Every structure is written in structure tokens, then in C-alpha cells.
Amino acid sequence: MSTLAPPLPETPEIGQDLDALAGVLAKFPGSITPQEGLDQPTWIVRREILLDLARELRDNPATQFDMMLDLCGVDFPDRQPRFDAVYHLYSMPRGARLRLKVPLNEDQPLPSLIPVWKTANWFERELFDMFGLKVTGHPNLRRLLTHEGFQGHALRKDYDPARRWILTEDQMYQPHFDLPEGQDDLFERMTVNIGPSHPAMHGTFRLMAVLDGETIIASDVEIGYLHRCFEKMSETHTWNQVIPYTDRLNYCSSFINNVGYCRTVEKLLGVEVPPKAVWARTILSEFSRIMDHCVCNGSTLVDAGALSNFWYFFQPREEIYGLLESCCGARLTVSYGRIGGLSQDLPPDFVERSRRLLEIIPPFMEDVEKLIDKNRIWQDRTVGIAAISGEEAVNWGWTGPCLRASGVGYDVRRAHPYDLYDTVDWEVPVLQGGDVYDRYRIRMLEIRQSLKIIRQLLDRGMPEGPWITSDPHVALPPKEACYNQMESMIYHFKLIMDGIQVPAGEVYSMVEGANGELGFYIISDGTSKPYRCHARGPCFPLFSTFSRLINGGSLSDAIVSLGGLNIIAGELER
Amino acid sequence: MALKVLDDKDDTKIIGESWVTTRFEDLEDWAQRNSFWPFPFGTACCAIEFMSTLSSHYDVSRFGSEVVRFSPRQSDVLLVAGTINDKMAPVLKRIYDQMADPKWVISMGACACSGGFYRAYHVMQGIDEIIPVDVYVPGCPPTPEGLIYGILQLKERVSRDRKKQRARVERAGKLPEQEISDRVDARPTPS
């Protein structure tokens, strides 16, 4: 059964953390330059020592950076060296973060960090794909998101955002199999291809597997079938125009993405969000989380053949859609968040409607649990399937419910509280099995916790006041004032024509998305458009582990384990 | 009371309790347009709204198109729900080619219709770049009501298409398959 997560350590202050880092700094004299004045400790690192430094940071008991959260590139065409490779590290035991920046040119390869953090594999491929930066020691350095017929590297600043390349069938991706020793004779084996247009692959993933009978001995996955250029698009739109694009990252819980993005920009701007908006953001985030868990569990059960549960899960979703629609007019892709608050006021019956939802949702969950929890077929198909230990999951960069099903109680809402999460009483459920069954169970438990959070917030009542900040540099002044006051009219004009001007700087900020830590790393150059906006989707590390999870299991286990991971293509491929 | 199954437009007579007379073609039309077997080519957000349309609240089976088939050989409507990018394009084309005639295509959502707000380096600017589309459903994503309206539009389209096709056959005195084989035979042989 679920246990309470052990209390996580307080996040160290930046100053305190620098003491812990000083020991490592001293071991690499002259190779690391700390960068001051940023949101988290940042080192500029020479690429020659990167691999040794990564090992040291992971193994040194004073630092214990056991997870590589993120890797992305940044292009500065007018600078020498031209590119930055930016690593974000996280220490699970210490709750501390560190950013490493490696400046380099196109002809200078990075060392691969796969020996230290396995999750580096896909991140490095993405870096190669988007920026053309080479990585030495990578087993399969090929394009990841764009197709094989693509020319150039899309996230470089000199790449035209609308320049397309046509893919023909003969150019399509050929699988790369890491066959076990002595099993490279494919004569007796069968190679199958599943997807991308296959119901079990959720429409957009492609799995290629080498089978021995029904057992998968090696596999490869290909993604990129829904790469929609989120990061390039955000560089060509103003700050508020990016919000609809964030909706379509994890479209099952789009409001959480709005919050994650807006919070990051608000951090750069230093703007304060009014209490009413914070309150509504917390409640609607939790409702979105419930919706997301409903889709995940519902579609996992469909993949396993239990169709009726899908109907049970979709009914509560429809009810929550109704609430969102009454707030902003959209059901799925809400775009309800705005930088500095919300796009419009909450409807007058918001509390009443939300309370009704609290009554409606639990019976559906109980029905499903009665049907499924002790169901022999479901247990046979999921218990012990695609299991992973907590330690390994951390090394693969897992976050969210899947990590908590493996016994690691990391939840951004608890470890780095934001909005109102530290003012309500709730638990972080943790299970120990790490298999498909526990991933299903943990979501059912989290739905209950979300309801608990919402109930407490509703009991407090809706705070009075505005729903968006009154700072006229960020939010439009009220319509009345625009018509009657010269100053407000000018602000209105400036915001409509130019958009928000965000001061130059960089920031990484995260929220707990429905399937893990959803981080945004944003660089502003002081203009009305983001210079670089990178989304760290939790699906990306989760899905890069997929081959490791299914190798050695049977083909039918692979199908059921994909659903349990809750991979949302929009967020995976951005 | 006799059950009148065919609608008024058809040349139908009801005789007695359980007899309906009609032309065979009208019966075929009626069956075709009331039992779509869609192939849901769902890739993104629209697929989630398509799932809503399938589920109990909107219940698309009221309109006879709930039997989703994931094999192109078994389906007659290709329902493209979601963004199609350049990497997916050959896959979509092949699925379309694998479907047997007669077949129709619904393009659901802004991305499938026109690329939507992704005017970007990896996104196809509408699936009609590579396959013909019969019904476009706008929205990002369309509401389930919108999709159902699209399906109803397609129903009318189907009976119109079939009537046209029959008229062509009557004019030529041949079935379309024969027409095609005639054309193949008439091609000059390479010397």
C-alpha cells in the first residue's frame, strides 16, 4: 500500500549550496567559472573536463547530483564560441540544483554523458538534431525529432522557421538495435515494426523490435512524428502569444502548462500574481491533473482490453471540461493563464460548480477500482511488468507519478512548493513496486489527493480582488480606463503593438506537471519575444527508457507498459 | 405499423406491415452513409476530443460511426485528427492508399486543415497537400459537436457521391473498374 513520502530536505539556499559546491570547484582549478546573479548556481565549464566533472558531481557525497534533468542548446550567432550546451542537474537527496554551461563551436565535440546519466542519450541526440553539435562516444547519434530528409539544424538562429523539407519513403529511419553479445545473428529472429499509426502506439510512436518467439531481445523506438517546432515558434511570437503553444504540449492537462510557462516569465519580470489568480491556478491545476490521470489510466486499460473503464474515466473528464469551459470558453486547450494572472475573471458559480465536481468524481473512481484493482487478468498483465528500481529511474531522469511508483517521493509541489501547495494538507503517495500496476495505482491515489487539495481551497472561499496583475507593463488596463484615460490608452497601445518587454536574463522554473517535472528554461534578451524558450517535458526521459523497460519481456507487455508511462506526444516531441 | 427506414428523398414505398420496396442502390446508399467505419488517424490534441466524441456523453454511435477500425483495409472513412508533420506524411499517404474504395476523408482540426498556427519547418500545411479531403472541420480542437456536424455533412456527401458515380456508370454503360481496365488496355505499349 501507499506510504507517505519521507520528508524531503529543505532546499538549500544558493549561498549555502555554494559551500557544498566549493569542494568540487577546487578540484578543477581554472576550468570552471561560476556565474553570479542567476536563479540557481551556474558554472561555465570547459568541455574537456565535462565528463570527469559530471562523474565527480554525481559521486561526491557533498553534491550527489544523481539526476540530469535537462540538456538544451542555445545559439548566439554573434559570439565566439557560438553555442552553449546547457545542462540542468538535480540532486534528489539534497533537493539542490546546478546549471552547467559549456560554450563550444560547431567543430568542437562534447563528450557523451551516457556513462554517468543514461538519460543523456536522447538529450544529446536532440542537441545534435537541433543545433548540429557533435557528441563523441554516443552509440547512435542521429536525428531524433526531425526526419531523415531534413537539411540543416532548425533551432539555429539563421534557420528560416518556415523552411520545410520533404521526406520520401526510402529515406525513412532504419532501426538501431543493441543486440546482446552473440545474438547478432538475425536469421532465426523476427523483426517487427509497430506504429506509428497503430492504436497501441497512441498514434505517433514507432517501435521496432527483434523477437525471439514472443520475447523482445532488442528494440528501438523512433519519435518525431508530432514534432511541431514549439521552441522555434516561441522564438517568433511575443511572450503572451506563446501561451497557446504551451497548451498543446501536454494537451491532456493544458492548464498546468500555462501555469508553468507563466510562472517562469513572471519570475523574469518579477511581477506579483494576485491571490485570486494563485488560488484559481492551484485548483484548476489539480482538476487538470485529475483529467490527465483519467486519460492515462483509461487508455492503459483500453490497451489491455478493459474497454468499459474508458467510459468510466471519460465521464468525469466531461464534467471538468464543463468547468473549464465556463471559465474561459475552451474545453481542452484552454489558454486560460496569462503572464501575471488569468485571462479573465472566474465565473460567479465557480465554487459551487467545483464542489459539485468533488461529489461527481469519486464514485467513478470507486467503480473503476472495484472492477480493476483485484482483477486477476489485470494483475497478471501488470504486476512485475516493466519494473524499474528507484535508483535506476532517477538515473534515467524520471520524475512524476512513474518515479513515485518506484519508491522515490519526489514531487515538485512538495520539494519546491509554489502557488498554495505549502498551505494545504496533503500527502505524496509513494509505492514501491515500480511496475505497471503501481503506476496505475499511484494515479488513482493522486486523484484522491488532488480532490483533497481542491476541497481545502474551496473551503477557504474565493479570494476577492482582481484576477490579473495591475502592472500596466504586463497586463492590459481595464477597458473603461483605456477609453477615458490617456495613460491607460498608451499602455494598451504599447502592449498590443509591442507586447510585454521582459528584462534580459535567464531562468529555469518548474511545476509538477501531470506526469512529472515540467520545466521551462527561458532566456530573454530584453525584447518582446523570447530569445530561447526550452520546455523540459517529463515524457522525454520517460520514453527514452522505453527500450530498456521492454527488452526481455514479451511483446504484449510492451503494449501495456507504454500506456502506464503516460507519454503525451505533444510534450515529448514539442 | 410499418417501419419506414429509408428517408423521403428515396423512391420508397411501404407495403403492409413489414415490406419495404426500394431500389437496390438506395438501400446500398442508406447502408453506406449510416454505418461509417472510421479509421482514426489521431496524432495530437484532436484525438483527445475524438475520444470524447466516442465516449458516452456525446456517443457518436447515435450517428452510426462508432465502429473504429485500426486497419485501413476495413474502414471507409479516414478521420485525420491532429497535426500531420513532414515525418508523418508518407505514413498518412500509405494508409490512405491502403484503404479500399469507396473512401472518404474528414480533416479534423486546424492543423489537419491548414497547418493551424504551426507555420513551421516540420509541419505540413494541411493534409490536402497529399490526399484529397471531403469534409474540413474547423477548430483547435473542434468541439465534439463540431465533429458530429462534420460527420453529418459527410453523410450527405456520400449519397451525392454515389449518385454521381452511378450516373457516370449509366452514361458509359460500364462499371468504374471496367473503365479503369479499359484505360489501362488502351495505353500504348512501350516499344
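**Exercise 1. A residue in the core**

Task: In this predicted model, which residues is A:A85 in contact with, leaving aside its neighbours within four places in sequence?

Solution. Step 1: Put A:A85 in the centre of your view and skip the neighbours within four places in sequence. Step 2: List the partners that remain, which are A:L71, A:G73, A:V102, A:L104, A:L110, A:L127 and A:L133. Step 3: Now place A:A85 in a wider setting. The largest nonpolar core has 217 residues, and A:A85 is among those that touch the most other members, together with A:L89, B:L79, B:V80 and B:M108. Helix 7 of chain A, residues 275-303, gives the largest share of this core, with 12 residues. As a general background, nonpolar side chains tend to be buried together in soluble globular proteins.

**Exercise 2. The build of chain A**

Task: How many helices and strands are there in chain A, and how does its radius of gyration compare with the globule rule?

Solution. Step 1: Count the elements: chain A has 20 helices and 17 strands. Step 2: Take the radius of gyration of chain A, 24 Å, and set it beside the 25 Å that the globule rule gives for 574 residues. The two values are close, so chain A is as compact as a globular protein of that length. Step 3: Add the outline. Along the principal axes, the C-alpha atoms of chain A fill a box of roughly 80 × 60 × 50 Å. Step 4: Look inside. Of the 574 residues in chain A, 52% are buried. Among its contacts between residues at least 6 apart in sequence, 68% join residues at least 24 apart.

**Exercise 3. A covered helix**

Task: How many of the 11 residues of helix 19 of chain A are buried?

Solution. Step 1: Find helix 19 at residues 555-565 of chain A. Step 2: Go through the residues; nine of the 11 are buried, so you can call the helix mostly covered, given that a buried residue has 20 or more other C-beta atoms within 10 Å of its own. Step 3: Name some of them: the buried residues include A:I559, A:V560 and A:L562. Step 4: Step just past the end of the helix, where A:N566 takes a positive phi of about 55°.

**Exercise 4. Unusual backbone values**

Task: Where in chain A do A:Q64 and A:S335 lie, and is each buried or partly exposed?

Solution. Step 1: Recall a general point: most residues other than glycine have a negative phi, and most peptide bonds are trans. Step 2: Check A:Q64, which has a positive phi of about 50°. A:Q64 sits in the loop between helix 2 (50-59) and strand 4 of chain A. Its 17 C-beta neighbours inside 10 Å make A:Q64 partly exposed. Step 3: Check A:S335, with a phi near 50°, in the loop between helix 8 (308-328) and strand 12 (337-338) of chain A. With 21 C-beta neighbours inside 10 Å, A:S335 is buried. Step 4: Turn to the peptide bonds. The one from A:Q80 to A:P81 is cis, with omega near -10°, and A:P81 lies in the loop between strand 4 (67-75) and strand 5 (83-91) of chain A. In chain B, the bond from B:C140 to B:P141 is cis, with omega near -10°; B:P141 belongs to the loop between strand 6 (135-137) and helix 5.

**Exercise 5. Chain B and a loop residue**

Task: In what order do the elements of chain B run, and why does B:I84 count as buried?

Solution. Step 1: Start at the N terminus of chain B and read β-β-α-β-α-β-α-β-α-β-α-α. That makes six helices and six strands. Step 2: Find B:I84 in the loop between strand 4 (77-81) and helix 3 of chain B. Step 3: Count neighbours. B:I84 is buried because 29 other C-beta atoms lie within 10 Å, and the cut-off is 20 or more. Step 4: Among its contacts beyond four places in sequence are B:T43, B:A112 and B:I127.

**Exercise 6. Two helices, two chains**

Task: At what angle do helix 1 and helix 5 of chain B cross, and which helix gives the most to the side of chain B that touches chain A?

Solution. Step 1: Follow the axes of helix 1 (residues 24-34) and helix 5 (residues 144-172) of chain B; they come within 9 Å and cross at roughly 145°. The crossing is right-handed. Step 2: Sort the residues of this contact by class: one is nonpolar, two are polar and six are charged. Step 3: Move to the contact between the chains, which takes 33 residues from chain B and 42 residues from chain A. Helix 2 of chain B gives the most to the chain B side, with six residues. Step 4: Sort that side by class, which gives 19 nonpolar, 10 polar and four charged residues.

Technical notes:
Residues are numbered from 1 along each chain as its sequence is written. Chains are lettered from A and ligands numbered from 1 in the order in which they are written. This is a predicted model: local features need pLDDT of at least 70, side-chain atom pairs count only at pLDDT 80 or more; totals for chains, interfaces and linings use all residues. Helices (H or I, at least four residues) and strands (E, at least two) are DSSP runs, numbered from the N terminus. Axes are lines fitted to C-alpha atoms, for helices over the stretch in contact, and angles run from 0 to 180 degrees between N-to-C directions. A crossing is left-handed if the near helix is turned anticlockwise from the far one by less than a right angle, and right-handed if clockwise. Ala, Val, Leu, Ile, Met, Phe, Trp, Tyr, Cys and Pro count as nonpolar, Asp, Glu, Lys and Arg as charged, and the others, Gly among them, as polar. Two residues are in contact if their C-beta atoms, placed from the backbone, lie within 7 Å. A nonpolar core is a set of buried Ala, Val, Leu, Ile, Met, Phe, Trp, Tyr and Cys residues joined through C-beta atoms within 7 Å. A residue is buried if 20 or more other C-beta atoms lie within 10 Å of its own, exposed if 12 or fewer, and partly exposed in between; C-beta atoms are placed from the backbone. The radius of gyration is taken over C-alpha atoms; the globule rule is 2.2 Å times the number of residues to the power 0.38.
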